[in-house]
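Biologist: Please take me through one part of this model slowly, as I am new to reading structures.

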Amino acid sequence: MGLLVAASLGAYVATLCPGVYPGESAVLTAQALGYLPGAVVGSPVWLALSRGVAALPFSDAPHRLNLLSALCASLAVAGVFRVTKRLIVRLYGANEALSRL
């Protein structure tokens, strides 16, 4: 599973936008940096994590927030893989090669 997370994280980081991308990304970045204090929060967990990441002392804030999103997406890939694997094993039986993944 670690290889899957590393591969997906590598793909996300390789295609990462270095700044703020227009649209929802811009709104979430502005919320994380405190520029939209009265806006309705769509993702409170991401907002809480992003405020901590925005305070880190490397690169610029939009790039750090995009890295956080890439990390969250690669962890989501691992979660979907794990759930899918369990579902396949449960539906079709415990194949030895599949259950070792």
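Biologist: Which exposed residues does α3 carry on the face turned away from its buried side?

Modeller: Happy to help! This is a predicted model, where local features need pLDDT of at least 70, side-chain atom pairs count only at pLDDT 80 or more, and totals for chains, interfaces and linings use all residues. Residues are numbered from 1 along each chain as its sequence is written, and side-chain values use heavy atoms, leaving out hydrogens and water.

The face you ask about carries Pro 44, Val 45 and Ala 48; exposed means over 50% relative accessible area, buried under 20%, and partly exposed in between, with a 1.4 Å probe and protein chains only. Helix α3 spans 44–54; helices here are DSSP runs of H or I with at least four residues, numbered from the N terminus.

Now turn to the other side. Trp 46, Leu 47, Ser 50, Val 53 and Ala 54 are the buried residues of α3. Viewed down the helix axis, they fall within an arc of 125°, so they line one face of α3. That arc is taken from the directions from the axis to the C-beta atoms. As background, an α-helix has 3.6 residues a turn, so residues three or four places apart point the same way.

What lies over this buried side? The cover includes α2 and α4, with contact meaning heavy atoms within 4.5 Å. Looking from α2, its buried residues are Leu 28, Thr 29, Ala 30, Gln 31 and Ala 32, and they pack against α3 and α4. Just after α2, Gly 34 takes a positive phi of about 85°.

Methods
Helix = DSSP H or I, 4+ residues; strand = E, 2+ residues; numbered from the N terminus.
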